[in-house]
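Here is a friendly walk through the model, one part at a time. Keep the viewer open and follow along.

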Amino acid sequence: MDRFVFLFSAGLARGAVLALFALSLVIVWRAARVVNFAQAALAVAAVYAAFAVTAATGSYSAGLAAGLASGALLGALAERGLMRRLGANAPLPGIIVAIGLVMVVQAGLAIGFGPEHRPMHPPFSQRPFVIGGVPVLSPYDLFTLIAAGVVMGGLALLFNRSSLGLQMRAAAFAPETARLLGVRVSRMVTLGWTLAVAAASLAALLLVPNELGLNPHAADLLFVNAFAVAVIGGLDSPAGALIAGIGVGLLGSLVTGYVSASASPLAVLALLTLVLLVRPGGLFAAKEARTA
Amino acid sequence: MRRLSIPLRALLITVLAIGGTFGLDPFRNYQLATAAACFAAVAGLTVLVGLTGQLSLGHAVLMASGGYGFAFAASAATGPAILVLAAGLLGAVAVSGLLGLLLGLAAARLRGPYLAGLTLALVIALPSAANTLPIGGDQGLRAPFLPVPEALTALIAVEQWHAWLAIIVAALAVTPLVMLRSGRAGLRMRAVLDDETASRLSGVDPGSVKTGAFVASAVPAGLGGAILAIATQQVAPGGYGLAFSLLLVVAAVVGGLGSIGGAAIGSVLVVFFPWVVDELVAAAPTDLGQRLDGNLAVLVFGAVIVAVTVLWPGGAARLLDRFLAARPRRFATPATNTER
Amino acid sequence: MTALACHDLTVGYGDGAPVIDGLTLELGQGDVVALLGANGAGKTTLLRALTGLVPTRSGRVELGGRELARLSTEERVRRGLALVPEGRSVVVELTVDENLRLGGLWRHKHKARKAAVEEMYALFEPLARRRDAAGHTLSGGERQMLALARALLARPDVLLLDEPSLGLAPQVTAQLLGVLRESAARTGLTVLLAEQNVTSALSVAARGVVLSLGSVVADRSAPELAADPALRHAYLGF
């Protein structure tokens, strides 16, 4: 039981990071109908910026701010510089260009900073609190949960309660109608990428101290799992990303704890396959448009 | 007329390629065998993407499955080398075909990004699967060594013999694919790509076409895995990771999606170019060289596929067509408008 | 004063024959003009070209005397040109209220927007009852009503309407066009109304322009047009 509580709470923190990253994928998907395969590479590039600033100033929050800012900038650049140039309604070129971007960014980081893993120190202790003799969350886990929760809550408010969010949703759902209502759709798409890559950078920044260290591939597995999460939840559904993120985080933690670490990707693959076979558009998919 | 000429052309190209091995040293012949393996897999991938619009990021796993199938069946078989080889190839076809069928059944129900996600998860899960299933873990399996036949021992080295086998197996893998593509099945695939609803209304079931296309694409990839197993005498999950899977995509994109000739160009490129770059980098100072080693080629590949997709969607095949004058293009390469 | 004008406008798709061929048209301030013509005459293409959704090959489009050619659709809209496109222009994923607010975001500040939305609810009673309903639950008539309300909310100078009567019951059409006529009379709104339903269009409009194969073949007052059997037979099919 103690073990279960520990694994459960650890899974919760993992799930929050997963959900945040998956949400960032959903934001790009909704804004541009593209799965941004380069999200992890761009996020890790932003984490390098955060790492450099923290190393120079000694302040974690300065690094955090620098990481978010560079994530936002990279997102905007990727959209304005590359994705915009591709034809609409064609996911394939978007995926291929994003894959090319991954290769460029990861190889560029490896060339610029060297391939070695750089240890990143968390701002809070990673030693779990012990409550009633049972180890539960660590302060850093708690920080992770709160940070991810605050950002996801903020994004939900932005999208559902603000005029800007209304314009972004309209631009995503019906670009032509939105333009006819005076919504500057291309700015909304850029803004979507900006927010998404910034959110992804935060997720990567929260994750890296729990991993082996910062390296160009530090967020690869996060991306794959978050993509699985987004697909399980339904690419169009922010709520799906949150629920599936927590679910997959818990599943991964419990399978790692009770079976083995190497069984965890298989469990995610099995869950993904199962969900896709039962509901091809994900759990919270919107109804498919009529075709005939 | 054209149906007849495909096997003849394949035979001609195969003979030419085998003749070409005499001009290469053993290491080049080993690289040629690797390129032939990639060619088989990329041909499968390019037909899948170009004709049905389904992007698989998991063709490395299909190759691995073929390699494992080869290793299992060839190790189990006893008798002359030709029997061992045949058993191994059958094993490769069976295992990769089966995995392709399973993926194809899933693919029939999934749209672009969902399928890409599933195949991506498959690549990431391969090392776990290797450690969970009885297939040798990270060490992988050994595949039997196929020695040079006695009649030829005086003439060629083992690397050249393996290059021959690689060329022949690649030809066996790709020729049926080309025939399939230029026949009715290819027509059905293009119909499904253009408009699923319309093709359904004309009596073509998009689901079974997509499943069939996936199987037809998986088997050449599996045979490509078998080639690698012949050339290296082993199969291990480490060789079939995400980086390799993405290289296959690079080869297909650079060559021009949907084009078999492009697949050949792309495969040669992804095998030889990194090697050339690494040779050049070896001349650089140690520290810089260490950083550039392996990364520079990836950087260039990434930049190239971005540039090709943004500026030159037809890939090398289109370039080739320009050179071969205004020959009408029989197979459009639909880099856009694939799925909605 | 001219509210909207186009001179020598030519529009086509790909390298096909032009769909709009050297068309010149002027709408005076406060005019309500019916744009008539058979299927394929180029009505929809003209409206989409005026709003910049379809690129023009040559010619000029002016709104209140200012050239629009270089402006994107959203900037044209923000200068007072509105289009209610044919069919389903409601964003079905958003609620009725969100659809309405969306129409006025660039025009009104927060408080004024609220007032403008309430004004539209007063004008279109059925919408008020369904504020929080998602767009996809609306009937065809309600959708057309919402699309019209959303366009009026932004107080455009010129309103382009594409086949508002398509697929609607005659009674609903009459009600919609009634509201349109009242609003135009009250606010001095200039309206270009593309319709295949000639009778109902001419009942609202003071002037009718008949398109055929991308050119203007008749430009008369509404009563004259309605009374000219030769023209009706030739271009309007009744």
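## A parallel pair in chain C

Let us begin with one residue pair: Val33(C) has Arg207(C) as its bridge partner in S9(C). A second pair in this ladder joins Leu35(C) to Val209(C), again in S9(C). Both belong to the pairing of strand S3 (residues 32-36) with strand S9 (residues 207-212) of chain C, which is parallel and has four bridges. Please keep in mind that this is a predicted model.

Leu36(C) also sits in strand S3 of chain C. Is Leu36(C) buried or exposed? It has 28 C-beta neighbours inside 10 Å, so it counts as buried. If you would like a sense of scale, look from Leu36(C) to Lys111(C): they are 75 residues apart along the chain, and their C-alpha atoms are separated by 40 Å.

## The six-stranded sheet

Zooming out, S3 and S9 take their places in an open sheet of six strands in chain C, ordered S6-S7-S8-S3-S9-S10, with mixed pairing. At the edges stand strand S6 (81-84) and strand S10 (215-221) of chain C; each has a single partner strand, so one side of each is left without a neighbour in the sheet. From one strand to the next, the twist averages 20 degrees.

At the S10 end, S9(C) and S10(C) run antiparallel and are joined by six bridges. One of the bridge pairs here is Gly208(C) with Arg220(C) of S10(C). The two strands form a hairpin with two residues between them, and Leu213(C) in the turn has a positive phi of about 50 degrees.

A helix also lies across this sheet. Helix H1 (residues 43-50) of chain C crosses over S3, S6, strand S7 (158-162), strand S8 (190-195) and S9 of chain C. Relative to S7(C), H1 runs at about 145 degrees.

## The four-stranded sheet

Chain C holds another open sheet, this one of four strands with antiparallel pairing, in the order S2-S1-S4-S5. Which strands are at its edges? They are strand S2 (20-28) and strand S5 (66-67) of chain C, each of which pairs on one side only.

Strand S4 (residues 58-63) of chain C runs antiparallel to S5(C), and two bridges join them. In that pairing, Leu63(C) finds its bridge partner in Arg66(C) of S5(C).

## Two helix pairs

Two packed helices are described by the angle between their axes and the distance between the axes. In chain C, helix H3 (residues 96-104) and helix H4 (residues 110-123) pack at an angle of about 125 degrees, with axes 10 Å apart. That angle makes H3(C) oblique to H4(C), and the crossing is right-handed. On the H3(C) side, Leu100(C), Arg101(C) and Gly104(C) make the contact; they meet Arg113(C), Ala116(C), Val117(C) and Met120(C) of H4(C). By class, the residues of this contact are four nonpolar, one polar and two charged.

Chain A offers a pair of its own: helix H9 (residues 220-233) and helix H10 (residues 238-258) pack at about 125 degrees, with their axes 8 Å apart. H9(A) and H10(A) are therefore oblique to each other, and they cross in the right-handed sense. The contact brings Asn225(A), Ala228(A), Val229(A), Ala230(A), Ile232(A) and Gly233(A) of H9(A) to Gly240(A), Ala241(A), Ile243(A), Ala244(A), Gly245(A) and Val248(A) of H10(A). Its residues divide into eight nonpolar, four polar and no charged.

## How the chains meet

Two pairs of chains touch, and the pair with the most contacts is A and B. There, 46 residues of chain B are in contact with 43 residues of chain A. On the chain B side, the elements giving two or more residues are helix H5 (112-132), helix H8 (196-201), helix H10 (242-255), helix H12 (286-292) and helix H13 (295-311).

Which of these gives the largest share? H5(B) does, with 15 residues. By class, the side of chain B that touches chain A has 27 nonpolar, 13 polar and six charged residues. Chain B and chain C, in contrast, are joined by no contact, and their closest C-alpha atoms lie 16 Å apart.

Key
Residues are numbered from 1 along each chain as its sequence is written. Chains are lettered from A and ligands numbered from 1 in the order in which they are written. This is a predicted model: local features need pLDDT of at least 70, side-chain atom pairs count only at pLDDT 80 or more; totals for chains, interfaces and linings use all residues. Two strands pair if DSSP finds at least two bridges between them. Axes are lines fitted to C-alpha atoms, for helices over the stretch in contact, and angles run from 0 to 180 degrees between N-to-C directions. Two residues are in contact if their C-beta atoms, placed from the backbone, lie within 7 Å. Angles under 35 degrees count as roughly parallel, over 145 as roughly antiparallel, 65 to 115 as roughly perpendicular and the rest as oblique. A crossing is left-handed if the near helix is turned anticlockwise from the far one by less than a right angle, and right-handed if clockwise. Ala, Val, Leu, Ile, Met, Phe, Trp, Tyr, Cys and Pro count as nonpolar, Asp, Glu, Lys and Arg as charged, and the others, Gly among them, as polar. A residue is buried if 20 or more other C-beta atoms lie within 10 Å of its own, exposed if 12 or fewer, and partly exposed in between; C-beta atoms are placed from the backbone.
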